[in-house]
Amino acid sequence: MVKALAPDVRPIEELDKRTQRLVKLAMKARKKAYAPYSKYLVGAVIVDTRGKIHAGCNVENANYAGTTCAEQAAVVKMVSRGAREIRRVVLVTSSDEPVFPCGFCRQIIIEFGPHAEVTTVNRRMTQFAQSTMDELLPAQFSKKQLHS
Ligand code: THU
């Protein structure tokens, strides 16, 4: 059996102070989540390449398929403000352990941040894990393919 490559899970105390501040902002965004169906609240913070911060939360819909993920909401906010390049994504989910963006969000993030760094924190804010979009979505399909 092939062993899945899981990034290291580390205690939150090992996270640098600047990232801890971003985690707090993601937690603030998470509190705004509209998730009456799954009860799974997610907050996402994007730092663009100019250092500006864009936060988003998940917004569910009674038809389920109309749900917007927190990462997607943050990307839409960033783009609507005129920014186009993602440097970092910081996420707080509702899981007991740190989890990374869903596959759909990975595709959305790489449009603007193919090499972005991703930090994710568990619900209780006791643990984190870090990775990069290259690692999370290898063999990316992106604008490069459309223009080749
Ligand atoms: N969700 C996110 O916001 N981001 C993800 O990366 C995974 C899932 C949301 C969608 C839905 O509202 C809830 O979490 C359960 O899937």
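In this predicted model, the ligand is surrounded by Ser38, Tyr40, Val42, Asn58, Glu60, Thr67, Cys69, Ala70, Glu71, Pro101 and Cys102. By residue class, this shell consists of six nonpolar, three polar and two charged residues. Among the residues around the ligand are Asn58, Glu71 and Cys102, and each of these three places an atom opposite a ligand oxygen, as the table lists.

| Residue | Atom on the protein side | Atom on the ligand side | Distance |
|---|---|---|---|
| Asn58 | side-chain N or O | oxygen | 2.9 Å |
| Glu71 | polar side-chain atom | oxygen | 2.6 Å |
| Cys102 | backbone N or O | oxygen | 3.0 Å |

The ligand on its own exposes 370 Å², and 78% of that area is buried by the protein.

A second site concerns Asn122. This residue sits in the loop that runs between β5 (117-121) and β6 (127-132). Is Asn122 buried or exposed? Its relative accessible area is 0%, so Asn122 counts as buried, the cut-off for that class being under 20%.

The side chain of Asn122 makes a polar contact of 2.9 Å with the side chain of Thr126. Which residues does Asn122 touch once its neighbours within four places in sequence are left aside? They are Val92, Thr93, Ser95, Asp96, Glu97, Pro98 and Gln127. Asn122 thus combines a loop position between β5 and β6 with a side-chain polar contact to Thr126 and contacts that include Val92 and Pro98.

Terms used. Residues numbered from 1 in each chain as written. Predicted model: local features only at pLDDT ≥ 70, side-chain atom pairs only at ≥ 80, totals over all residues. Heavy atoms only, no water. Near = heavy atom within 4 Å. Polar contact = N/O pair within 3.5 Å; in protein donor to acceptor, adjacent residues only side chain to side chain. Areas by Shrake-Rupley, 256 points an atom, 1.4 Å probe, with all protein chains shown as cover. Nonpolar A, V, L, I, M, F, W, Y, C, P; charged D, E, K, R; others polar. Helix = DSSP H or I, 4+ residues; strand = E, 2+ residues; numbered from the N terminus. Buried < 20%, exposed > 50% of the residue type's maximum accessible area, 1.4 Å probe, protein only. Contact = heavy atoms within 4.5 Å.
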